[in-house]
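Work through the exercises below with the model open beside you, and try each task before reading its solution.

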Amino acid sequence: RDGVGRSLTSAWRDSPRVLVISGETGQGKTWTLASLALNAALDLALVLWVDATGDAAHDIELAAKQFWLDIRGGETTLGLRQIADRLDNVLPNSPKQRLRVCMDNVTDYGEAATIVRDGWPSLGVSIAMSCPQEIAASLAQAFPDRVQVFTTEDFTWEELHEFLERKLGPAWTSIPEDVRGTLKRPLLASIYCDELFDASWQATNEYELYGAFWKRLTTRHQVSSPLDSVAIESLADAVLRGEPYPWTLTQLGGHGVDNQSLARLERCGWLARTADGRVAIYHDRLLNWAVAQSLYGALRSKKRTLEDVTTQVAQVSKADGRMGNVFLGYVAMDLLWLLTGDRDPAPQAAPKLLEALEPAYGHRPEVLYRQLAPTLGERVADSLFERFRQYEGSPWVLRAMANALAEIAKHKICEFSQTLLSDREPRQQRRALFLLKRVPCPALLDQI
């Protein structure tokens, strides 16, 4: 996305505002920020990159150390404001050479607000940050004159084709059209090209791609190191238990990661070093998948009860997916995907998880069934139907469930409706009508 980076660089150069790059997970916020940094550097700007930690003072200090100690070679530290003043004395009236700080993955509103409130652009330091949509929206509302929000989007078809051509060459044309549609999300396109490209393998949604990427921990070059996946599960469980993240090397050692396994996990794309020497999973979306895998593994091994797991996932969802400075808002649907693919716990576990999640959405539990559950497709249909039969509450939620079933499993509506009509309880028979209003089934007219 060099074109986007170039246009943003030009606007950022003299802007008195903090540039906020926002978008959905996997849409390329970090890519866009990196393109901005690269184009600014090519324009002879002094660019510093910081992986945000949630602590504004610490991150600004880290940027100052990068420049004064690592780049300039100074022997003692100097604050970022003092560095900007000295640059202005040496290079007055030279906006190209002003300091630029790119802060990636700012997930804490307090840190973002502090950075904006401190007014760095007026002090000679241009700031750009990538952050989730909800933080960007809050910043725009609180500081309308101090921030400029740029929203990333999925690849256009032209951008996707250009990306696939660059990564795979002419072979990209063998990717089926339905798979290409899934790859319009930049993160999924990157994972697919780097790890999963195979003309004989097709993915129809993001969960299949993440699941395939997880399997790479125990296949191909990892086939002789299957315990690496156990280490990732253990580390993901540590995040759930509130341990600091990204992880220190000491934490890694405590979870069974040695030098060799760390090198392997970095090579296969699961772990990456941060600027301050810690270690994180390559992308927050994959961290969510790893956390879901750890919960799924705990259920299968009976280390945790179903009630314990569903209660914790519901609590995380109720907190808007936040656990400390980590966003885990995708764990619920990832876990539901894993549960619905397992014949053993699914009949009980998946409907129980749906039930636990309903209160997490406050007065609008129908959102769970209108926006989230349908992303799993037909795979969740049987579990959703079971919850539809059990549910006692708002008719709006029942309608949302019926709409979801009609959307993801239209060909099964007759089967589901016949089951309900055969029930002796009038309540269940009435629920059949919810479904048949959405997908008529002439064969059931006599039973009605």
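The exercises that follow go from the sheet to single residues, then to helices and cores.

The structure is a predicted model, in which local features need pLDDT of at least 70 and side-chain atom pairs count only at pLDDT 80 or more, while totals for chains, interfaces and linings use all residues. Residues are numbered from 1 along each chain as its sequence is written, and side-chain values use heavy atoms, with hydrogens and water left out.

**Exercise 1. The sheet**

Determine in what order the five strands form the open sheet, and which strands are at its edges.

Solution. Begin with the assignment: strands (E, at least two residues) and helices (H or I, at least four residues) are DSSP runs, numbered from the N terminus. Two strands pair if DSSP finds at least two bridges between them. Strand 2 (residues 46-51) and strand 3 run parallel and are joined by six bridges, and within this pairing Trp-49 has Cys-102 as its partner. On to strand 4 (residues 125-132), strand 3 has five bridges, again parallel, with Val-101 standing opposite Ile-127. The resulting order of the five strands is 2-3-4-1-5, with parallel pairing. Strand 2 and strand 5 (147-151) are the edge strands, since each pairs on one side only. From one strand to the next the twist averages 20°, where axes are lines fitted to C-alpha atoms, for helices over the stretch in contact, and angles run from 0 to 180 degrees between N-to-C directions.

**Exercise 2. Strand 3 and its two faces**

Find which residues of strand 3 (residues 99-104) point each way, and decide whether they are buried or exposed.

Solution. Recall the general pattern first: in a regular strand the side chains alternate between the two faces of the sheet. In strand 3, Leu-99, Val-101 and Met-103 point one way, and Arg-100, Cys-102 and Asp-104 point the other way. Next apply the cut-offs: buried means under 20% relative accessible area, exposed over 50%, and partly exposed in between (1.4 Å probe, protein chains only). By this criterion six of the six residues of strand 3 are buried.

**Exercise 3. Helices against the sheet**

Establish which strands helix 5 (residues 109-117) and helix 6 (residues 133-142) meet, and at what angles to strand 4 they run.

Solution. Contact means heavy atoms within 4.5 Å. Helix 5 packs on the sheet and touches strand 1 (18-23), strand 3, strand 4 and strand 5, its direction making about 160° with that of strand 4. Helix 6 lies across strand 1, strand 4 and strand 5, and runs at about 130° to strand 4.

**Exercise 4. Unusual backbone geometry**

Locate residues with a positive phi, and a cis peptide bond.

Solution. The baseline is that most residues other than glycine have a negative phi, and most peptide bonds are trans. Asn-105, in the loop between strand 3 and helix 5, has a positive phi of about 60° and is partly exposed, at 33% relative accessible area. Lys-302, in the loop between helix 14 (284-300) and helix 15 (306-318), has a positive phi of about 65° and counts as exposed at 70%. The cis bond joins Tyr-245 and Pro-246, with omega about 0°, and Pro-246 is found in the loop between helix 11 (227-240) and helix 12 (249-254).

**Exercise 5. Helix 16 and Met-333**

Ascertain how many residues of helix 16 (residues 331-340) are buried, and describe the surroundings of Met-333.

Solution. Ten of the ten residues of helix 16 are buried, including Asp-334, Trp-337 and Thr-340. Met-333 is found in this helix and has a relative accessible area of 6%, so Met-333 is buried. Leaving aside neighbours within four places in sequence, Met-333 is in contact with Tyr-207, Leu-357, Leu-368, Leu-372, Ala-373 and Leu-376.

**Exercise 6. The nonpolar cores**

Identify which residues of the largest nonpolar core touch the most other members.

Solution. A nonpolar core is a set of buried Ala, Val, Leu, Ile, Met, Phe, Trp, Tyr and Cys residues joined through side-chain atoms within 4.5 Å. The largest has 97 residues, of which Trp-270, Ile-281 and Phe-388 touch the most other members. A second, separate core of 35 residues includes Leu-78, Met-103, Ala-113 and Ile-115.
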